[in-house]
Amino acid sequence: MAKNRLSKVQQRRVEAKHNERLQRPNEQYDEGAFLPPQDGTVISRFGKVADVESSAGDIFRCNIRRTLASIVTGDKVVWRENKDPQANSVIEAVYNRHSELVRPDFYDGIKPVAANIDQIMIISSVLPELSLNIIDRYLVACAVTDIAPIIVLNKIDLLNKEQYQKTQTVLDYYRQLGYAVLFISCKNEQGLDEFKQTLQGKTSILVGQSGVGKSSIIHQLLPELSEQVNVGDISEISGLGQHTTTSTRLYHLPSGGDIIDSPGIREFGLWHLEPQQVMQGFPEFYDYLADCQFRDCNHLTDLNCGLQKAVKAGNIASWRLNNYHSILQTMREVKAKTNKIFK
């Protein structure tokens, strides 16, 4: 069954009412069950309700007005406390976001994951293998949303000396492109001091596949949460850690700054983007695009491709170009299944 959609006139009325609530936060409403409006931060979202933190640091379970388009972790909102402590409070309005991480959803279109983020911590791991394709997908998402990425390789204690050096060589490629790359181990606490310094004074979100150790990192940052954030065992079959986080949640760090933990995913979809946007995640390509014979070169089978020449000359890593084409191919396949035009 199709979802009910608002007409343009209804949308304008809803937006006008929303702006009115934001502009008059101290307005006394007639709804006698609630206290006056106040500002707060969304700590987590659960279906039709959300946990909101007040300016005093208290957490309140809130219903979300149906007229609000979306509410996600990190949102700054106007909410009203219920006079009955056993009943839910209510979110009245949401402030404009200065940034947001989104992902496509087959049913809901473009779905925000979290809002008002300063940097994205792309967590990867050495087991079962280092996935450069996943890293590149997140780098594309960071480039499109203009949110700073930091690549973090976890579980480096599992590498022997030769493997460690080989991994360093691979990830040095990202460093040469200007990306920050950190090596850490939650088991022996290697690299954690530098990791914690990058989080100070910023709102960061941890992203990555299930089992890369995001919950273990949360334990290191906030050991008092050990009973609230579970750490999964390593699967004997796949080598992947088990999925432990079920909802996106914001935590305050003792040293300053906030960290957002998000559920692990096997693959971060980008099929809502255009090919030109995907290119933004591969900045080293731009120096060689002018060398392509054709303006609409597909960088795969067309003759005299500047990117293919750069790969042969060792100026672009072959796996980076392969990942670029892999992302485009996935976009084509998904859009074909959903009857969407791939331009």
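**Helix packing and local backbone features**

Of the 343 residues in the chain, 47% are buried. The structure is a predicted model, and its chain has eight helices and 13 strands. Among the contacts in the chain with a separation of 6 or more, 63% are accounted for by residues 24 or more positions apart.

Helix α2, spanning residues 132–145, consists of 14 residues and reaches 20 Å from its first C-alpha to its last, which is close to the 20 Å expected at 1.5 Å a residue. Eleven of these 14 residues are buried, so α2 is largely enclosed by the rest of the structure. The buried positions of α2 are L132, N133, I134, I135, D136, R137, Y138, L139, V140, A141 and C142. Just after α2, the backbone at D146 takes a positive phi of about 60°.

The packing of helices can be considered next, beginning with α2 and its contact with α8. Two packed helices are described by the angle between their axes and the distance between the axes. For α2 and helix α8 (residues 318–337), the axes come within 10 Å and cross at roughly 70°. Because angles of 65 to 115 degrees count as roughly perpendicular, α2 is roughly perpendicular to α8. The crossing of these two helices, α2 and α8, is right-handed. On the α2 side, the residues that meet α8 are L132, N133, D136, R137, L139 and V140, and their counterparts in α8 are W319, R320, N323, S326, I327 and T330. Sorted by class, the contact of α2 with α8 has five nonpolar, four polar and three charged residues. Each of the six α2 residues named in this contact, L132, N133, D136, R137, L139 and V140, also appears among the buried residues of α2.

Helix α8 also holds L321, which counts as buried at 4% relative accessibility, the cut-off for that class being under 20% relative accessible area. When residues up to four places away in sequence are not counted, L321 touches F285, H299, L307, Q308 and V311. One of these partners, H299, is 22 residues from L321 in sequence, and the two are 8.6 Å apart in space, C-alpha to C-alpha.

A second helix pair is formed by α4 (residues 192–199) and α5 (residues 214–221), which pack at an angle of about 85° with their axes 12 Å apart. Helices α4 and α5 are therefore roughly perpendicular to each other. From α4, the contact is made by L192, F195, K196 and L199, while α5 contributes I217, Q220 and L221. By class, the contact of α4 with α5 has five nonpolar, one polar and one charged residues.

Six of the eight residues of α5 are buried, so α5, too, is largely enclosed by the rest of the structure. The residues concerned are K214, S215, I217, I218, H219 and L221. These buried residues of α5 pack against α4 and against the strands β8 (119–125), β9 (148–154), β11 (203–207), β12 (249–252) and β13. Two of the α5 residues that take part in the contact with α4, I217 and L221, are thus found in the buried set of α5.

Several loop residues complete the description. Most residues other than glycine have a negative phi. N116, although not a glycine, has a positive phi of about 55°, and its place is in the loop between β7 (109–115) and β8. With a relative accessibility of 9%, N116 counts as buried. A positive phi, near 55°, is likewise found at N304, a residue other than glycine, which is located in the loop between α6 and α7 (306–312). In contrast to the buried N116, N304 is partly exposed, with a relative accessible area of 41%.

A further loop position, P263, lies between β13 (258–261) and α6 (275–278). P263 is partly exposed, with a relative accessible area of 26%. The C-alpha atoms of P263 and T248 are separated by 6.3 Å, the two residues being 15 residues apart along the chain.

Conventions: Residues are numbered from 1 along each chain as its sequence is written. This is a predicted model: local features need pLDDT of at least 70, side-chain atom pairs count only at pLDDT 80 or more; totals for chains, interfaces and linings use all residues. Side-chain values use heavy atoms; hydrogens and water are left out. Helices (H or I, at least four residues) and strands (E, at least two) are DSSP runs, numbered from the N terminus. The expected span of a helix is 1.5 Å times one less than its number of residues. Buried means under 20% relative accessible area, exposed over 50%, partly exposed in between (1.4 Å probe, protein chains only). Axes are lines fitted to C-alpha atoms, for helices over the stretch in contact, and angles run from 0 to 180 degrees between N-to-C directions. Angles under 35 degrees count as roughly parallel, over 145 as roughly antiparallel, 65 to 115 as roughly perpendicular and the rest as oblique. A crossing is left-handed if the near helix is turned anticlockwise from the far one by less than a right angle, and right-handed if clockwise. Contact means heavy atoms within 4.5 Å. Ala, Val, Leu, Ile, Met, Phe, Trp, Tyr, Cys and Pro count as nonpolar, Asp, Glu, Lys and Arg as charged, and the others, Gly among them, as polar.
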